[in-house]
Amino acid sequence: MAETREIEFKCMISEDEYQKISTAFSGRGKIIKQINHYFETKDRCLKMNRYSLRVRNIMDDYELTLKTPLEIGVLETNIKITKNDFELMKNHNIPSTDIKNKLMCIGVEENDLYYITSLTTIRQEIILVDGILCIDYNTYSNTHDFELEFEVSDPIIGKRAFSDILNELGITFKRSKQGKMNRTINAKVNE
């Protein structure tokens, strides 16, 4: 199990801006296909507590992640699981881990959780001096969007660096009203 503090800045971008940014960073970094599978309770208890629970699948690797709020950023608790563990989770069987214990602390039992939907991201990840720049193309529930993320360790330096990146690329900051999980769940509910 690993716990890390996640601090990131995000900006929704248009398809044209996505193409422009991808071209600007062509040949840099790595391209990753990841699938995020989201879980929630019927009464949206996780959302009400500002928690999120997902399984991320990259190639043959599966990672269970619980995000919980911090004063600055979120605490990510990550645990490697197997494909079989993931399939069992879809049937209300959460692996016995610290994540299961943390969920129980807010009154969430494994039978309360259900698999909702997934989001596929094609991500170009570029390591820069002040953080990791992620250029994302997301598909979910018969829709798609584009997003720029900047993952940092220092919120003050990161905010300034992200602003500089946007300015250099000629991108106007457009705050996402919802994170990936909420966009994906809302799209699924409105299908």
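A salt bridge here is a side-chain nitrogen of Lys or Arg within 4 Å of a carboxyl oxygen of Asp or Glu. Keep that cut-off in mind as we look through this predicted model, where the count comes to 19 salt bridges.

**Charged pairs**

Let's start with Glu3, which forms a salt bridge with Lys102; their closest N and O atoms are 2.4 Å apart. Glu3 lies in strand β1 and Lys102 in helix α4 (residues 98–105), so this pair ties together parts that are 99 residues apart in sequence. Glu3 counts as partly exposed at 40% relative accessibility, and Lys102 counts as partly exposed at 22%.

Arg183 has its own set of partners. Here are three of the salt bridges with their closest N and O distances:

| Acidic residue | Basic residue | Closest N and O atoms |
|---|---|---|
| Glu3 | Lys102 | 2.4 Å |
| Asp145 | Arg183 | 2.8 Å |
| Glu147 | Arg183 | 3.2 Å |

Asp145 lies in strand β8 and Arg183 in helix α6, so their salt bridge ties together parts that are 38 residues apart in sequence. Glu147 is in strand β8 too, and its pairing with Arg183 links parts 36 residues apart in sequence. Salt bridges that share partners join these residues into one network, whose members are Glu8, Lys10, Arg123, Asp136, Asp145, Glu147, Glu149, Glu151, Lys180 and Arg183.

Are the residues around Arg183 buried or exposed? Glu147 and Arg183 are both buried. Arg183 has 10% relative accessibility, while Asp145 is buried with a relative accessible area of 9%.

**Helix α6 and its cover**

Arg183 has company in helix α6 (residues 180–189): Lys180, Met181, Thr184, Ile185 and Ala187 are buried as well. The cover over the buried residues of α6 includes strands β1 (2–13), β2 (30–41), β3 (52–58), β6 (113–128), β7 (131–140) and β8 (143–152).

**Two hairpins and Glu76**

Strand β3 runs antiparallel to β4 (residues 61–69), and seven bridges join them. Ser52 has Lys67 as its bridge partner in β4. The two strands form a hairpin with two residues between them, and Met59 in the turn has a positive phi of about 55 degrees.

Next, eight bridges join β4 to β5, again antiparallel. Tyr62 is partnered by Ile81 in β5. This hairpin has four residues between its strands, with Gly73 in the turn at a positive phi of about 80 degrees.

Glu76 is found in β5 (residues 74–81) and counts as buried at 9% relative accessibility. Its side chain makes a polar contact with the side chain of Asn78 (3.4 Å). Among the residues Glu76 touches are Glu3, Arg54 and Lys67.

Definitions and conventions:
Residues are numbered from 1 along each chain as its sequence is written. This is a predicted model: local features need pLDDT of at least 70, side-chain atom pairs count only at pLDDT 80 or more; totals for chains, interfaces and linings use all residues. Side-chain values use heavy atoms; hydrogens and water are left out. Buried means under 20% relative accessible area, exposed over 50%, partly exposed in between (1.4 Å probe, protein chains only). A polar contact is a pair of N or O atoms within 3.5 Å; within protein, one must be able to donate a hydrogen and the other to accept it, and residues adjacent in sequence count only if both atoms are side-chain atoms. Contact means heavy atoms within 4.5 Å. Two strands pair if DSSP finds at least two bridges between them. Lists of a residue's contacts leave out its neighbours within four places in sequence.
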